[in-house]
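User: Got a minute to walk me through this one? I'd like the overall picture, then some detail.

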Amino acid sequence: MTPAPAYTVVVPTIGRPCLAECLRALAGAGGHQPHEVIVVDDRPDTEGDLPLEAAGPLLDRVRTLRTGGKGPAAARNAGWRTVRTPWTVFLDDDVQVLPDWSRKLADDLRGAGEEVGGIQGRLSVPLPPDRRPTDWERNTKGLENAAWATADMAYRTAALTLVDGFDERFPRAFREDADLALRIERAGWVLCRGTRVTRHPVRAAHWWASLPAQRGNADDALMSRLHGRDWWRRAQAPRGRLPRHLVVTGAALAAAGCALAGRRRAATVCAALWTLGTAEFALARILPGPRTAREVAGMLGTSVLIPPFTVRHWARGVLRHRNAERLGGAG
């Protein structure tokens, strides 16, 4: 059998406790082990040690870099730019590879034709077996269908070099992977899905966690600027509810404006439109869930706030990135 190409694992982290489980699972995946494991410490404050001892038998292959809180795109760039192997495998610090992961990765890399620039791992998000999943859990479950997610994504190091890696204008762990995938495909490479499976547990989150998540709409605005309005289709990404949120938020603003102008009938119509839109959104989130008092209350409150939060972040993104060009030029 042809030997599998060598690879290096790059794990960006902000020091979350889950890093230990990530490294422990990687060490337990026997077979085609990584040439090196680069842990990129992106904590703004690097006081305290990372749990690198969890890497066990791989500890002598672990190397750390520090990026000082520049974000996941910058952290991954710092890591892959020091890689000396043909392939770079990105793992997030909150995933756990399965025991046969490295053997299946070897099959993925060995079977990649010269035109293949990246191979995605398959994500598995376990949900509670004894109840309906919450809104947050269902959103995380969506990662199973996400295309080119760097939670587990192998790229040819040469392909990363050709497109200059991740675009650091994406400050969050959101859309930076889709942007990279589109640029790599534009450069002539093919992306495909592999056979290896990685577990992605649902992390604990507050009931209001969906509110700060709306900051990603600014990144969607940047994606539209860089890749055109049809980037959703080419990146195999869900379109989201931005159009509906624009209508609902517009109705709320119009209701307030009409009321101040003394136009009661118009204000009533606009307020009714806002109420119906908000109720539809809340029900779409409540009905599939566990419907506990806490979940219902959280969904009602955040369903009122999410549309204006979404529109605000999207508008700020449009304004901020109005002159942005694709990394490496607009061509």
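**Surface, fold and sheet**

Analyst: Starting from the outside, the accessible surface of the protein is about 16200 Å², and 57% of that belongs to carbon and sulfur atoms. Areas are Shrake-Rupley values with a 1.4 Å probe, and for residues only the protein chains shown count as cover. This is a predicted model, where local features need pLDDT of at least 70 and side-chain atom pairs count only at pLDDT 80 or more, while totals for chains, interfaces and linings use all residues. Residues are numbered from 1 along each chain as its sequence is written, and side-chain values use heavy atoms, with hydrogens and water left out.

User: OK, what does the secondary structure come to?

Analyst: Eleven helices and eight strands, taken as DSSP runs numbered from the N terminus (helices H or I, at least four residues; strands E, at least two). The radius of gyration is 22 Å, close to the 20 Å from the globule rule for 331 residues, so the protein is as compact as a globular protein of that length. That radius is taken over C-alpha atoms, and the rule is 2.2 Å times the number of residues to the power 0.38.

User: How much of the protein counts as buried?

Analyst: 47% of the 331 residues. Buried means under 20% relative accessible area, exposed over 50%, and partly exposed in between (1.4 Å probe, protein chains only).

User: Switching to α2, is that helix mostly covered or open?

Analyst: Mostly covered: eight of the nine residues in α2 (72-80) are buried. Among them are Pro72, Arg76, Asn77 and Trp80.

User: And what do those buried residues pack against?

Analyst: Strands β1 (7-13), β2 (36-41), β3 (62-66) and β4 (87-91), plus helices α5 (157-163) and α6 (176-186). Contact here means heavy atoms within 4.5 Å.

User: How are the strands ordered in the sheet?

Analyst: The sheet is open and mixed, running β3-β2-β1-β4-β7-β6-β8-β5. Its edge strands are β3 and β5 (96-97), each pairing on one side only. Two strands pair if DSSP finds at least two bridges between them.

User: What joins β5 to β8?

Analyst: Two bridges, with β5 and β8 (residues 190-199) antiparallel. Val97 stands opposite Thr198, and Gln96 stands opposite Arg199.

User: And in which sense do β6 and β8 pair?

Analyst: Parallel, over seven bridges, with β6 covering residues 116-124. Arg199 in β8 turns up again there, as the bridge partner of Ser124.
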